[in-house]
Amino acid sequence: MAAEPPEPESLTQLRSAYLDKQADALKPVQQWYLEGLERLERALVQRGDVPGAAKVREERTTVEQPALVIVKAFWGTKEATTDITRRLQ
């Protein structure tokens, strides 16, 4: 079985630029959603709905790294997931 040829450097560069733009575009939306989840969690705690607040906290934890999951599913490489995680910080 022959080894796959390496991808062209131009593809690597284009993908990198795409991931940068994607991360930049998602930051405000992610921040908006996380702030909404925080408000909802506080409101649920104040009303005594601790189980509901716990579900909201789980959602917050999940949402904090959405791009990592997407990139991992799409490219499936440690390098790609590390790269997008660094971009989102």
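**Entry 1: salt bridges, overall.** I began with the charged pairs and found that the structure holds six salt bridges. I note that the model is a predicted one. The general background I kept in mind is that side chains of opposite charge can pair when their charged atoms come close.

**Entry 2: Glu38 and Arg60.** I looked up the contact between Glu38 and Arg60 and recorded a salt bridge between their side chains, with an N to O distance of 3.9 Å. This pair links distant parts of the chain: Glu38 belongs to helix α1, whereas Arg60 belongs to helix α2 (residues 50-63), and the two are 22 residues apart. I then checked whether each partner is buried or partly exposed. Glu38 is partly exposed, at 31% relative accessibility. Arg60, at 15% relative accessibility, counts as buried, because the cut-off for buried is under 20% relative accessible area.

**Entry 3: Lys55 and Glu58.** I next turned to a pair inside helix α2, where Glu58 and Lys55 are three residues apart and therefore separated by about one helical turn. These two form a salt bridge, and their closest N and O atoms are 4.0 Å apart. For accessibility I noted that Glu58 is partly exposed, with a relative accessible area of 45%. Lys55 has 56% relative accessibility and counts as exposed. I also recorded a network: salt bridges with shared partners join Glu38, Glu41, Arg57 and Arg60.

**Entry 4: Asp24 and Lys27.** I examined a pair in helix α1. Lys27 makes a salt bridge with Asp24, and the closest N and O atoms lie 3.9 Å apart. Because Lys27 and Asp24 are three residues apart in helix α1, about one helical turn separates them. Lys27 is partly exposed, with a relative accessible area of 32%. Asp24 is likewise partly exposed, at 48% relative accessibility.

**Entry 5: nonpolar surface.** I then left the charged pairs and asked which residues make the nonpolar surface patch. Val29, Trp32 and Tyr33 make this patch, which covers about 340 Å². I followed one of these residues further: Trp32 lies in helix α1, which spans residues 9-46. Trp32 has a relative accessible area of 58% and is therefore exposed, the cut-off for exposed being over 50%.

**Entry 6: summary.** I retain two points for helix α1: Trp32 in this helix contributes to the nonpolar patch, and Glu38 in the helix pairs with Arg60 of helix α2.

Conventions: Residues numbered from 1 in each chain as written. Predicted model: local features only at pLDDT ≥ 70, side-chain atom pairs only at ≥ 80, totals over all residues. Heavy atoms only, no water. Patch = residues over 30% accessible without salt bridge, like charges linked within 9 Å, V, L, I, M, F, W, Y side chains within 5 Å. Areas by Shrake-Rupley, 256 points an atom, 1.4 Å probe, with all protein chains shown as cover. Helix = DSSP H or I, 4+ residues; strand = E, 2+ residues; numbered from the N terminus. Buried < 20%, exposed > 50% of the residue type's maximum accessible area, 1.4 Å probe, protein only.
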